[in-house]
Amino acid sequence: MAEIVIMVTGSSGMVGHGIQLALEEDKKPNEKWIFLSSKDADLRDREATKLLFEKYKPTHVVHLAAKVGGLFNNMEYNCDFYTVNNQMNSVVLDLCKECKVQKAVSSLSTCIFPDKITYPIDETMLHNGPPHFSNYGYSYAKRMIDVNNYVYNDQYGCQFTSIIPCNVFGPHDNFNLTEGHMMAALIHKAYLAERDDQPFVIWGTGKPLRQFIYSVDLGRLIIWVLREYPEIEPIILAVDEEDEISIRDVGELVIKAFGYKGEIVHDISKSDGQFKKTASNAKLRKYLPDFKFTSTKQAIEETVDWFRKNYETARK
Ligand code: NAP
Ligand code: GDP
């Protein structure tokens with residue numbers, strides 16, 4: 001069997017760790033995985049990034065590296081989210097083409113779909129209107145990955161594709177209280193509420209709905225996409241629609257995992273962001289009808305356990 005060299009950008013982050021955990025149960029002898037972080041190169045820097053391609057000679061690339069943040073971080077830094085991500089994606093995909101990488105898989109997100117849309121969202125709707133104003137910088141940069149994938153395929157025959165995960169959480173997330181995504185921020189807040197005997201504060205009304213995928217499940221699915229998924233068109237990687245859950249219910253699962261019995265307060269001066277972004281996983285189910293997702297409850301318990309054990313060193 002020919003050796004496959006898979007270079008994963010951005011693998012020091014949450015999703016990269018999800019792949020590494022998933023690989024522990026699904027290794028193949030002909031696959032060599034290279035896990036990179038920004039310490040290996042700033043992917044905005046073409047020359048430094050080219051040296052990585054020359055050093056590792058990847059046959060396959062999983063491009064996860066990105067500037068990533070929760071709703072409030074996006075609202076404040078739309079320009080940075082646009083420029084940093086656009087620069088990295090252009091450099092990485094162009095080098096994939098130049099270095100004749102056989103397959104590249106990049107990550108988009110369900111939060112980049114048009115704001116005004118019919119539900120459930122599917123893969124064909126990505127460019128059907130402007131994204132939500134709160135994260136339009138991130139959204140347009142991510143949408144351009146899809147455009148890149150098609151033009152590199154049309155003109156050069158490249159096999160580049162992308163995944164569209166729903167909200168992700170798990171170990172190694174960014175648990176920063178203001179920058180982080182909701183799940184990580186709520187886990188950190190619940191930790192502090194329990195430790196300091198303070199109220200547990202959920203921002204916004206708690207009414208918006210989200211689908212959550214555990215980072216280890218996402219890792220398993222990314223490995224499958226890399227090995228098997230044949231299309232250029234993106235594939236939504238999300239739990240079933242009936243597993244969508246409100247922010248309030250997530251908050252309750254989080255405090256239950258901590259055994260916290262204090263007061264829950266809503267700070268309604270904070271934005272609710274998008275009300276929902278319900279995504280269809282029909283395409284995923286067509287390919288993998290029997291894939292079993294970890295329940296949100298179990299995934300929260302495992303992440304809370306990880307956060308407690310790694311509190312000193314966790315990103316926060
Ligand atoms: P994360 O934990 O913040 O990790 C980001 C990764 O990108 C880190 O490894 C970081 O390296 C690297 N990186 C950032 N800027 C870089 C630069 N200029 N040069 C090189 N590397 C750089 O993010 P994540 O949550 O794992 O997200 C991974 C992918 O999944 C992203 O493409 C994101 O858009 C996508 N995604 C995430 C979610 C979610 O809910 N989190 C949902 C849908 C899609 P260092 O550690 O060295 O800084
Ligand atoms: P989104 O899913 O892309 O909108 O991003 P987030 O993961 O940041 O989720 C934002 C939603 O969670 C909004 O409805 C917020 O009002 C709500 N939320 C509740 N508490 C928090 C918190 O502490 N941090 C964040 N980022 N969002 C919170």
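**Exercise 1. Find the residues that come nearest to ligand 2, then its contacts with the backbone.**

Let's start with the neighbours: 18 residues lie around ligand 2, and those that come nearest are M182, K189, R210, S271 and D272. Keep in mind as you work that this is a predicted model.

Next, look for polar backbone atoms, using a cut-off of 3.5 Å between N or O atoms. M182 places a polar backbone atom 2.8 Å from an oxygen atom of ligand 2. At S271, a polar backbone atom is 2.7 Å from an oxygen atom of the ligand. W203 brings in a nitrogen atom of ligand 2, which is 3.0 Å from a polar backbone atom of that residue.

Finally, check the cover: on its own, ligand 2 has 540 Å² of accessible area, and the protein covers 97% of it.

**Exercise 2. Work out which elements and domains build the shell around ligand 2.**

Begin with the secondary structure. At least two shell residues come from each of α3 (71–76), α6 (182–196) and β7 (200–203). Of the elements, α6 gives the most, namely four residues.

Then move up to the domains. Domain 1 (4–168 + 212–239) and domain 2 (171–209 + 242–277 + 296–309) each provide at least three residues of this shell.

To finish, sort the shell by class: nine residues are nonpolar, five are polar and four are charged.

**Exercise 3. Repeat the neighbour and contact search for ligand 1.**

Here the shell holds 27 residues, and S12, S38, L64, Y138 and R315 come nearest to ligand 1.

Now for the backbone, atom by atom. One oxygen contact involves M14, whose polar backbone atom is 2.9 Å from an oxygen atom of ligand 1. V168 also has a polar backbone atom facing an oxygen atom of ligand 1 in the list, at 3.0 Å. For nitrogen, turn to L43: a polar backbone atom of L43 is 3.0 Å from a nitrogen atom of the ligand.

As for cover, the protein takes up 87% of the 910 Å² of accessible area that ligand 1 has on its own.

**Exercise 4. Describe the make-up of the shell around ligand 1.**

First, pick out the elements that give two or more residues: these are α1 (14–23) and α5 (136–156).

Second, divide the shell residues by class. You should arrive at 14 nonpolar, nine polar and four charged residues.

Technical notes:
Residues numbered from 1 in each chain as written. Chains lettered and ligands numbered in written order. Predicted model: local features only at pLDDT ≥ 70, side-chain atom pairs only at ≥ 80, totals over all residues. Heavy atoms only, no water. Near = heavy atom within 4 Å. Polar contact = N/O pair within 3.5 Å; in protein donor to acceptor, adjacent residues only side chain to side chain. Areas by Shrake-Rupley, 256 points an atom, 1.4 Å probe, with all protein chains shown as cover. Nonpolar A, V, L, I, M, F, W, Y, C, P; charged D, E, K, R; others polar. Domains from an automatic or database assignment.
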